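Please work through the following exercises with the sequence and the three-dimensional structure at hand. Each task is followed by a solution in steps.

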Amino acid sequence: MAILNILRYPDPRLHKVAKPVTVFDERLEKLVADMAETMYDAPGIGLAASQVDVHEQLLVIDITETKDDLVTYINPEIIWASDEKQVYDEGCLSVPGVYDGVERHAKIKVRALDVKGQPFEVEADGLLAVCIQHEMDHLLGKVFVEYLSPLKRNRIKTKMIKEERGLEREAQLRAQGRRY
Ligand code: K1U
Ligand code: ZN
């Protein structure tokens, strides 16, 4: 297994639209295992393939504290959504350190395929409903900060770009064997 690189906002690759998975093979199983390891390591409660620069309709979620209930959703579709909405303070591994309220459907019913290509359905509410909708947005190329005001989004973008420059500088100095 391997820890994959998570793209950071505002990387333009986060806005690519993912294509359906058509081949259920060992490569897909390895990708799912690597994504799960990457999510647990981060740590996070969800990860979409788009975040690791794989533009296929695949996501992993485990909202348990015990980290023992991994669910893989391939080609997920929301087949029902409640009129009722809920606001939750969301985070994102592609926008580390930023949490803000997003309004989404309070309850949803999702149809997806598992890693073997077998269909299943899930009814979700609470954090699971939030997380599925957040991850499905990633597959459409949408990052949660796009629900925020242009002012907040631009502040976040500026902060992320500054942090990225700092990280690049640290990496340069480390490569030169210096302390920073
Ligand atoms: O980047 C991602 O898509 C993962 C994201 C999922 C998510 C969290 C909260 C609301 C909506 C979607 C995260 O996992 S951010 C990290 C996080 O929330 C967390 C990390 C460790 C323990 C518990 C939560
Ligand atoms: Zn995210």
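The exercises below concern a predicted model, and they treat its metal site, pockets, helices and backbone in turn.

**Exercise 1. The zinc site**

Task: Identify the protein donors of the zinc ion (ligand 2), give their spacing in sequence, and state which parts of the chain Cys92 and His134 tie together.

Solution.
Step 1. The zinc ion (ligand 2) has three residues as protein donors: Cys92 through SG, His134 through NE2 and His138 through NE2. These donors lie 2.0 to 2.3 Å from the ion.
Step 2. Written along the sequence, the donor residues follow the pattern C-x41-H-x3-H.
Step 3. Cys92 belongs to the loop between β4 (85–90) and β5 (100–105), whereas His134 belongs to helix α2 (residues 126–139); the pair therefore ties together parts that are 42 residues apart in sequence.
Step 4. The cut-off for a buried residue is a relative accessible area under 20%. Cys92 has 10%, so this residue is buried. His134 has 6% and is therefore buried.

**Exercise 2. The largest pocket**

Task: Describe the largest pocket by its volume, the residues closest to its centre, and the origin and class of its lining.

Solution.
Step 1. The volume of the largest pocket is about 380 Å³.
Step 2. Its lining consists of 22 residues, of which Ile45, Gly91, Cys92, Leu93 and Tyr99 are the closest to the centre. Cys92 is also one of the zinc donors.
Step 3. Both β4 and α2 supply at least two residues of this lining. The largest share, 6 residues, comes from α2.
Step 4. Divided by class, the lining has 12 nonpolar, 7 polar and 3 charged residues.

**Exercise 3. The second largest pocket**

Task: Give the volume of the second largest pocket, the residues closest to its centre, and the classes in its lining.

Solution.
Step 1. The second largest pocket has a volume of about 250 Å³.
Step 2. It is lined by 14 residues, and those closest to its centre are Asn5, Ile6, Leu7, Arg8 and Glu164.
Step 3. The lining of the second largest pocket comprises 9 nonpolar residues, 1 polar residue and 4 charged residues.

**Exercise 4. Helix lengths and burial**

Task: For α1, α2 and α3, compare the end-to-end reach with the span expected at 1.5 Å a residue, and list the buried residues.

Solution.
Step 1. Helix α1 (residues 26–41) contains 16 residues and reaches 22 Å between its first and last C-alpha atoms, close to the expected 22 Å. Its buried residues are Leu28, Leu31, Val32, Asp34, Met35, Ala36, Thr38 and Met39. These buried residues pack against β1 (46–48), β2 (58–61) and β3 (71–81).
Step 2. Helix α2 has 14 residues, which should span 20 Å at 1.5 Å a residue; the end C-alpha atoms are 21 Å apart, in agreement with this value. This helix is mostly covered, with 12 of its 14 residues buried. Among them are the zinc donors His134 and His138; the others are Leu128, Ala129, Val130, Cys131, Ile132, Gln133, Glu135, Met136, Asp137 and Leu139.
Step 3. Helix α3 (residues 150–175) has 26 residues and a reach of 37 Å from first to last C-alpha, close to the expected 38 Å. In α3, Ile156, Met160 and Leu173 are buried.
Step 4. A glycine with positive phi is found just after two of these helices: Gly141 after α2, at about 85 degrees, and Gly177 after α3, at about 75 degrees.

**Exercise 5. Cis peptide bonds**

Task: Locate the cis peptide bonds that lead into Pro10 and Pro43.

Solution.
Step 1. The bond from Tyr9 to Pro10 is cis, and its omega is near 10 degrees. Pro10 is placed in the segment before α1.
Step 2. Ala42 and Pro43 are likewise joined by a cis peptide bond, with omega about -5 degrees. Pro43 is found in the loop between α1 and β1.

**Exercise 6. Positive phi outside glycine**

Task: For Asp53 and Asn75, state phi and location, and decide whether each residue is buried or partly exposed.

Solution.
Step 1. Asp53 is not a glycine, yet its phi is positive, near 65 degrees. Asp53 sits in the loop between β1 and β2.
Step 2. The relative accessibility of Asp53 is 31%, so the residue counts as partly exposed.
Step 3. Asn75, also not a glycine, has a positive phi of about 50 degrees. Asn75 is situated in strand β3.
Step 4. With a relative accessibility of 15%, Asn75 counts as buried.

Definitions and conventions
Residues are numbered from 1 along each chain as its sequence is written. Chains are lettered from A and ligands numbered from 1 in the order in which they are written. This is a predicted model: local features need pLDDT of at least 70, side-chain atom pairs count only at pLDDT 80 or more; totals for chains, interfaces and linings use all residues. Side-chain values use heavy atoms; hydrogens and water are left out. Donors are N, O and S atoms within 2.8 Å of the metal (3.2 Å for Na, K and Ca); water is not among the atoms, so sites may look incomplete. Helices (H or I, at least four residues) and strands (E, at least two) are DSSP runs, numbered from the N terminus. Buried means under 20% relative accessible area, exposed over 50%, partly exposed in between (1.4 Å probe, protein chains only). On a 1 Å grid over the protein atoms alone, a cavity is a set of points where a 1.4 Å probe fits but cannot get out, and a pocket is an open set with protein on both sides within 12 Å along at least five of seven lines; lining residues have an atom within 4 Å of a point. Grid points are joined across faces, edges and corners, and a volume is the space filled by probe spheres set on the points. Ala, Val, Leu, Ile, Met, Phe, Trp, Tyr, Cys and Pro count as nonpolar, Asp, Glu, Lys and Arg as charged, and the others, Gly among them, as polar. The expected span of a helix is 1.5 Å times one less than its number of residues. Contact means heavy atoms within 4.5 Å.
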